[in-house]
Amino acid sequence: MLTHQQLGTFVDAAASADGAQPREPLRIAVIGTGYLGAVHAACMAYQGHHVVAVDSDAGKVAALAAGRPPFFEPGLEELLAEVAPTGRLTFTTDYALTAGSDVFFLCVGTPQQQGGYAADTSYVYASARSVAPYLTSESLVVGKSTVPIGTASAVHAAMAELARQGVTVRLLWNPEFLREGVAIQDTLHPDRFVYGVQGATAEADIALLDRVYAASLADGTPRVVTDYVTAEMVKTAANSFLATKISFINAMAEICEAAGGDVVKLAEAIGHDERIGRKFLGAGVGFGGGCLPKDIRAFRARAEELGLGQSLAFLREVDGINQRRRDRVVDLVAQLSGGDHTGVRVAILGAAFKPHSDDVRDSPALTIATALQERGAQVRVFDPKAMANAKQVAPQLQYAVDLWDACVDADVVAVLTEWPEFRSADPVALAAVVRRPVVIDGRNALPGSAWTAAGWTYHALGRATAETAEPRKDTQS
Ligand code: UDX
């Protein structure tokens, strides 16, 4: 296998830095091949660059090299197939193949620390240390991972210690905002680029990254240049804002439930105010996934370390509201079943934290299924894409082979992830297979009036007037 050095492509120093397509492709290394790294590597190769993507997980690397993503992301398999014949994309476990790269992207995860709220940045430091020996004064390291305030400076210092003598280490922080399920679209056509720069090479660093993103910049994607700390904060601030918006509407849902309102109508009405906007006002079982929950906790943990806990104290409440929505469904199942969970058969529709993903990290659906089972209910879970991951993290649960199988003889059907096939399920046909036609619409995604007309007792979170309920419009994107 050729290293980037051997490939012989080189940076065309004459290319402009203001968004023009590079005359020569760049040599790019991507460290980490999870949701972020694999998609980023494939997209960069698609845009004409030569990409070497490194991961220490040999199984993941082998799967990606064979064109089979180890996770579900719409369009990624097709993109890998399109890029493969060009020879521009290599997956490897060998860091040495990154030698000669112009740009090294750090795309590793920063999960929640075991037993704490702070982010575990050990993979970021490990990847930075691994690339350090391959850096030259011409190459640029670009951090894309979500990191606590102060990480970029510390990573720069760690690499400077390990770089070869005389090499000026150049680091730019460029947070990623991709959403799972639409990650390719978000990578090729992002809302914005954020460049956090520092030091004497800042201008040259910006110019080099502009060349990587030339195609997207030429499309008019805005670019915000700032310092390291602000760039680090942009990502966690954005995710905190989104989480707050969801918890805000879920707090309204709690009030609606008690006072007899309809949170979907409420969201629609306030969303017409352009200053508020309708997006991310989808009430239901709340947010999960690998980003929003852990990012708000890590942000708060870092603020506390900085003696600024009070500034982000509200995020504790955002988290608390989010957790309460899960509890609410657990309670509702008992309420709808004579006050007790014991022996209640519950069909759980959904396991992924959101549709069009197989990611079950901090999934509301799996948390609810687990809590119900612990209280004596008999759950049967089905998800169109996340079954393998769900079985891995929650092997104690019962799994069905399809939507129908999950619903056979159910006392309560709970729709917890709004997959299209659940939204469009035929309530008349489903009523014939369940023991009792009782449905909990955990995402306000079903046509409530059609379910009611088919004889179902329909309960939606935050909607006391559910008989006339229409599903919420898609508010995620
Ligand atoms: C998020 C950010 O959107 C993205 O910019 C960042 O880079 C990573 O984190 P993602 O985790 O893929 O992306 O999911 P997102 O679409 O934001 O949804 C997060 C969670 O919020 C999901 O569980 C979703 O079901 C829930 N959600 C979203 C709601 O409950 N209501 C809404 O209105 C929107």
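Colleague: What makes Gly67 stand out after H3?

Modeller: Its backbone: this is a predicted model, and in it Gly67, which follows H3, has a positive phi, near 80°.

Colleague: And at the other end, what makes you pair Asp57 with Gly59 at the start of H3?

Modeller: A side-chain oxygen of Asp57 comes to within 3.0 Å of the backbone nitrogen of Gly59. The cut-off for a polar contact is 3.5 Å, so the pair counts.

Colleague: Which residues of H3 do you call buried?

Modeller: Val61, Ala63 and Leu64, in a helix that runs over residues 58–65. The label means that each has under 20% relative accessible area.

Colleague: How do you know that they sit on the same side of H3?

Modeller: They cover an arc of only 165° around the axis, which puts them on the same side.

Colleague: What do the buried residues of H3 pack against?

Modeller: Helix H2 (35–46), helix H4 (76–83) and strand S3 (89–92).

Colleague: Over to the ligand. Why is the Lys354 pair called a polar contact?

Modeller: A polar side-chain atom of Lys354 lies 2.8 Å from a ligand oxygen, and the limit is 3.5 Å, so it qualifies. Gly282 has a backbone N or O atom 2.8 Å from an oxygen of the ligand, and for Gly288 the corresponding distance is 3.0 Å.

Colleague: How much of the ligand does the protein cover?

Modeller: 97% of the 670 Å² of accessible area that the ligand has on its own.

Colleague: What makes up the shell around the ligand, by class?

Modeller: 10 nonpolar, six polar and six charged residues. Helix H10 (residues 228–259) gives the largest share, four residues.

Technical notes
Residues numbered from 1 in each chain as written. Predicted model: local features only at pLDDT ≥ 70, side-chain atom pairs only at ≥ 80, totals over all residues. Heavy atoms only, no water. Buried < 20%, exposed > 50% of the residue type's maximum accessible area, 1.4 Å probe, protein only. Helix = DSSP H or I, 4+ residues; strand = E, 2+ residues; numbered from the N terminus. Arc of directions from axis to C-beta. Contact = heavy atoms within 4.5 Å. Polar contact = N/O pair within 3.5 Å; in protein donor to acceptor, adjacent residues only side chain to side chain. Areas by Shrake-Rupley, 256 points an atom, 1.4 Å probe, with all protein chains shown as cover. Nonpolar A, V, L, I, M, F, W, Y, C, P; charged D, E, K, R; others polar.
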